[in-house]
Amino acid sequence: MAKSAEVRLAVFGRAGVGKSESTYRHQASIDDETVSMEILDTAGQEDAIQRESHMRWAEGFVLVYDITDRVSFEEVISLKNFLDEIKKPKNVTLILVGNKADLDHSRQVSTEEGEKMATEMACAFYECSACTGEGNINEAFYELCREVRRRKMIQGKTRRRSSTTHVKQAINKMLTKISS
Ligand SMILES: Nc1nc2c(ncn2[C@@H]2O[C@H](COP(=O)(O)OP(=O)(O)OP(=O)(O)O)[C@@H](O)[C@H]2O)c(=O)[nH]1
């Protein structure tokens, strides 16, 4: 039977960047695994308290800007800083998406600038259009799911290893007591 998994994702970005239209897929088969993506489409206007609780809830993040709106690009930096603060000391799992790639004639943010920001944030970068399907937004979400799953697995192993270590230490203590 195919394995199944659940991944909680949240999409953040300035109002009007196209978040709603980017978040339509809820279940997919990724690498032979049925993944249910619970996607939270946050409102660009939400207050700091709502934003914080959404950030705490999610395991993976899509930071979206509009390539025709430089302010939305600049706002990504403060979103990332806020995220880092909330998720500290964990590393945030995220992707950067430049939406509205179909509006190249009104572009205010170059592809190179998007790539550079993604490199600085150590994440994958996608330019796409939620309207035309250009840039394959699905694949962007799948990649984020893979990364969330991969990191969860690593964390699970680390946790298991540390609890095994505790058990071993307790047994050693008992044995030392018995033999003394
Ligand atoms: N040309 C173009 N328009 C888009 C694209 N994605 C979204 N839009 C349009 O941009 C406008 C805003 O899109 P929304 O998805 O409502 O934006 P949002 O980020 O959810 O906005 P808030 O809910 O206010 O935070 C709508 O008119 C969309 O049709 C795109 O890829 N290309």
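The following exercises with worked solutions concern two residues and the ligand shell of a predicted model.

**Exercise 1.** Determine where Glu 59 is found, whether Glu 59 is buried or exposed, and which residues Glu 59 touches beyond four places in sequence.

*Solution.*
Step 1. Begin with the secondary structure. Glu 59 belongs to the loop that runs between helix 2 (48–57) and strand 4 (60–66).
Step 2. Turn to accessibility. The relative accessible area of Glu 59 is 18%. Buried means under 20%, so Glu 59 is classed as buried.
Step 3. List the contacts. Leaving out residues up to four places away in sequence, Glu 59 touches Glu 6, Val 7, Arg 8, Thr 93, Val 148 and Lys 152.
Step 4. Examine the polar atoms. A polar atom of the Glu 59 side chain lies 2.7 Å from the backbone nitrogen of Arg 8. The side chains of Glu 59 and Lys 152 are joined by a polar contact of 2.8 Å.

**Exercise 2.** Locate Val 76 in the secondary structure, and state how far apart Val 76 and Met 117 are in sequence and in space.

*Solution.*
Step 1. Val 76 is part of helix 3, which covers residues 70–87.
Step 2. The relative accessibility of Val 76 is 0%, and therefore Val 76 counts as buried.
Step 3. Val 76 is separated from Met 117 by 41 residues in sequence, and the C-alpha to C-alpha distance is 9.3 Å.
Step 4. Met 117 also appears among the contacts of Val 76, together with Leu 63, Val 64, Tyr 65, Leu 96 and Met 121, when residues up to four places away in sequence are not counted.

**Exercise 3.** Describe the residues that surround the ligand, their division by character, and the polar atoms placed by oxygen atoms of the ligand.

*Solution.*
Step 1. The ligand is surrounded by 17 residues, of which Lys 19, Ser 20, Gly 44, Asp 102 and Ala 130 are the closest.
Step 2. Helix 1 (residues 19–22) makes the greatest contribution to this shell, with 3 residues.
Step 3. By character, the shell comprises 6 nonpolar, 6 polar and 5 charged residues.
Step 4. Consider the backbone. A polar backbone atom of Gly 16 is 2.9 Å from an oxygen atom of the ligand, and a backbone N or O atom of Ala 130 is 2.9 Å from a ligand oxygen atom.
Step 5. Consider the side chains. An N or O atom in the side chain of Ser 129 is 3.2 Å from an oxygen atom of the ligand.
Step 6. Conclude with the area. The ligand taken alone exposes 650 Å², and the protein buries 69% of that.

Methods
Residues are numbered from 1 along each chain as its sequence is written. This is a predicted model: local features need pLDDT of at least 70, side-chain atom pairs count only at pLDDT 80 or more; totals for chains, interfaces and linings use all residues. Side-chain values use heavy atoms; hydrogens and water are left out. Helices (H or I, at least four residues) and strands (E, at least two) are DSSP runs, numbered from the N terminus. Buried means under 20% relative accessible area, exposed over 50%, partly exposed in between (1.4 Å probe, protein chains only). A polar contact is a pair of N or O atoms within 3.5 Å; within protein, one must be able to donate a hydrogen and the other to accept it, and residues adjacent in sequence count only if both atoms are side-chain atoms. Contact means heavy atoms within 4.5 Å. A residue is near a molecule or strand if one of its heavy atoms lies within 4 Å of it. Accessible areas come from the Shrake-Rupley method with a 1.4 Å probe; for residues, only the protein chains shown count as cover. Ala, Val, Leu, Ile, Met, Phe, Trp, Tyr, Cys and Pro count as nonpolar, Asp, Glu, Lys and Arg as charged, and the others, Gly among them, as polar.
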